[in-house]
Amino acid sequence: MTTRHHEMPFGTRITPDGVDFRLWAPGCERVGLCIAAAAHEPVMPMTDCGDGWFEQSVPGVAAGTRYRFEVDDGLRVPDPVSRCNPDDVHGASEVVDPAAFHWRDAAWRGRPWDEAVVYELHVGTFSPEGTFAGVMERLDYLVDLGVTAIELMPVADFPGARNWGYDGALLFAPDSRYGRPEDLKALVQAAHAKGLMVLLDVVYNHFGPEGNYLHVYARRFFTERHHTLWGAAINFDGADSRPVRDFFIHNALYWLQEYHFDGLRLDAVHAIIDDSAKHILTELAERVHAAIGTERQVHLVLENDANEARYLGAGRYAAQWNDDIHHALHVLATGEADGYYADYVDAPIRHLGRCLTEGFAYQGEVSPYRARTARGEPSAQLPPQAFVAFLQNHDQVGNRAFGDRIGQLAPAAAVRAAAAVYLLAPAIPMLFMGEEFAAATPFQFFCDFGGELRKAVTEGRRREFRRFARFADAATQAAIPDPNDAETFRASTLDWDSLGDVGHADWLRYYRGLLHLRRDVIVPRLRGMDGQAGRFETLAPAGLRAAWRLGDGTTLHLLANLSGTAIGATAAPGKPVFALAAAAGPDVLDAWSVRWTLDDPMEAP
């Protein structure tokens, strides 16, 4: 058995005599420590160590002790690096002994990134239990499906009982609604025992609007020199930014080392503003790879609307979520042209071909949706595995007014064809929970804020859709689910009983078949793929021919018609791998049809 502990310069440290407490509070002249176990929580003055640091050693206390800090005005606040906050974000923190959990996965070394088939899930709505244990009970199902990595939406402590996770306030504490720290560790350990990687979604561009007290006692954590959608930006590049940068770097290392996660997905890094000589994203990646070394494989993934290819590659970030491929597939399947889909309606099949073979669709071209500004950087020099492809994810479903899934928006034939394209292409595929059985349940935006914030979020959610013609009248706006209503959360919980329905079971067999085909035929040939490995041509109006030279020297061919009308197309060379809706004739490709073939130059014709 193994124990794991990530040492940090702040928070708590268990010693042979008791516990050391440390807080960075540069806005305070004095800070007190309150031990909840003591009567009336008497305040113990903490030692001012200079540069905003306060510390105090308390003998005789141990794991399980509840504590808070008292700042200048008498306000008592939780530890910003609390490992556990059982009574939500406003309550006392709990001392946790990381060595108390005995790991049994010492032999686990991770898996290569090119083997990744990612399954994104929200812990609270994935199972009826809504807990880490509820996820653990369904690991065998995911293995059988063909998944090799689960990605948890953020689990950091958020305010209230329900949240997507992107409103985290205490970034080191797993939310208590999902379970205790040891429950999350047990989930990771169980996944490893079944050969599954576990990735965690983390948010380093802002804190949630409720429950974070850093602005009270550590205003230097933020800066008015930069602004984001959430107000003053996090101070990554100004005076006193070193403790701020260390806070997030240690958070990444904490999850990877103390919880043995196999990787992190950094949310919306385009909203991280840093004018330092070394960007925080670069420093974080360097520190992570240096700390982990060669002992196991760890993968860092970005979400970056700016399409900045510079961050991707060996020793940096393994991959980026490729929104471009989703948008192109979505436009082809649904015909929608609202919002950011406007950037793809001119030639969605061309955008798709470029995504599949070069990475980004936008590599410096002007984006009409973004006020005609240039977007993206060249990406064809990167291998396809530097991009994560998907047909659904939490954003693309949940940011719709009613949380509609693709199955409610597009013909079944279109969805099957799109799935056959992205699940077998060389890029890393990612499913969103329930996609594999065409879940009928929506995934709506939900939260559980209090006071005036509750009302503001509900009104703001409905107001953001007013610019769309179909939500112009007040009655339609009022029908948009209230994010704070518990029923909105309940409606988003997967209905596992629906797998007893023939239709849902058929979808599951289809997805499972594609993923097993990927595992057996595609993945063994990916290792060693380089950039510039793909090429494509379009066949009007929505036909595509693409080819990739794989790592073993074979060539993978795709011939697809992503429209409802048959088109002319000559067959691709090689042995058949998969066919959906075979050609109606020797030079005709049926509506919504996909054909994959594999050409091995070493085999005799």
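Trainee: Hi! Let's start at the front end. What joins β1 to β2?
Mentor: A hairpin of three residues links β1 to β2. Keep in mind that we are looking at a predicted model.

Trainee: Noted. How do β1 and β2 pair?
Mentor: They run antiparallel, with four bridges between them. To find the pairing in the structure, look for G11, which sits opposite R22 in β2.

Trainee: Which strands form the sheet there, and in what order?
Mentor: It is an open sheet of four strands, ordered β1-β2-β6-β5, and the pairing is antiparallel. The edge strands are β1 (11-14) and β5 (47-50), each of them pairing on one side only. On average, neighbouring strands in this sheet are turned by 25 degrees against each other, direction ignored.

Trainee: What holds strands together in general?
Mentor: Strands of a sheet pair through backbone hydrogen bonds, in either a parallel or an antiparallel way.

Trainee: OK, and how many bridges join β2 to β6?
Mentor: Seven, and the two strands run antiparallel. One pair to look for is V19 with its bridge partner V58 in β6. On its other side, β6 (residues 53-59) pairs with β5 through three bridges, also in the antiparallel sense. There, G50 stands opposite W53 of β6.

Trainee: How many residues of β2 are buried?
Mentor: Six of the seven residues in β2 (residues 18-24) are buried, so to speak of it as mostly covered is fair.

Trainee: Changing topic: what about β11, which faces are covered?
Mentor: Both faces of β11 (residues 149-152) are covered. A149 and E151 are buried on one side, and I150 and L152 are buried on the other.

Trainee: Why do they split up like that?
Mentor: In a regular strand, side chains alternate between the two faces of the sheet.

Trainee: Which strands does β11 pair with?
Mentor: One partner is β10 (residues 118-121), parallel to β11 and joined by four bridges. In that pairing L121 stands opposite L152. Another is β14 (residues 197-202), again parallel and with four bridges. M197 in β14 is the bridge partner of A149.

Trainee: Now helices. How do α6 and α7 cross?
Mentor: The axes of α6 (residues 241-257) and α7 (residues 280-292) come within 10 Å and cross at roughly 40 degrees. The two helices are therefore oblique to each other. The crossing is right-handed.

Trainee: Which residues meet there?
Mentor: From α6 they include R242, F248, I249 and L253, and from α7 they include I280, L284, R287 and V288. By class, this contact has ten nonpolar, two polar and five charged residues.

Trainee: And α11 with α15, at what angle do they pack?
Mentor: At about 20 degrees, with the axes of α11 (residues 412-424) and α15 (residues 502-522) 10 Å apart. That angle is under 35 degrees, so α11 and α15 count as roughly parallel. Their crossing is right-handed. Among the residues in contact are V415, A419 and L423 of α11, together with W507, Y511 and L514 of α15. The contact of α11 with α15 divides into 14 nonpolar, no polar and three charged residues.

Trainee: Where is W596, and is it buried or exposed?
Mentor: W596 is in strand β30 (residues 593-599). With a relative accessible area of 1%, W596 is buried. Leaving aside neighbours within four places in sequence, its contacts include A420, L424, W548, L558 and F578.

Trainee: Last topic: which peptide bond is cis?
Mentor: The one from A540 to P541 is cis, with omega near 0 degrees. P541 lies in the loop between β24 (534-539) and β25 (543-549).

Trainee: What is unusual about that, generally?
Mentor: Most peptide bonds are trans, and most residues other than glycine have a negative phi.

Trainee: What is the phi of D240?
Mentor: It is positive, about 65 degrees, although D240 is not a glycine. D240 is in the loop between β16 (231-234) and α6, and at 34% relative accessibility D240 is partly exposed. R372 also has a positive phi, of about 55 degrees, and is not a glycine. R372 sits in the loop between β20 (366-367) and β21 (373-374), and at 59% relative accessibility R372 counts as exposed.

Conventions:
Residues numbered from 1 in each chain as written. Predicted model: local features only at pLDDT ≥ 70, side-chain atom pairs only at ≥ 80, totals over all residues. Heavy atoms only, no water. Pairing = 2+ DSSP bridges. Axes fitted to C-alpha atoms, helices over the stretch in contact; angles between N-to-C directions. Parallel < 35°, antiparallel > 145°, perpendicular 65-115°, else oblique. Left-handed = near helix turned anticlockwise from the far one by under 90°. Contact = heavy atoms within 4.5 Å. Nonpolar A, V, L, I, M, F, W, Y, C, P; charged D, E, K, R; others polar. Buried < 20%, exposed > 50% of the residue type's maximum accessible area, 1.4 Å probe, protein only.
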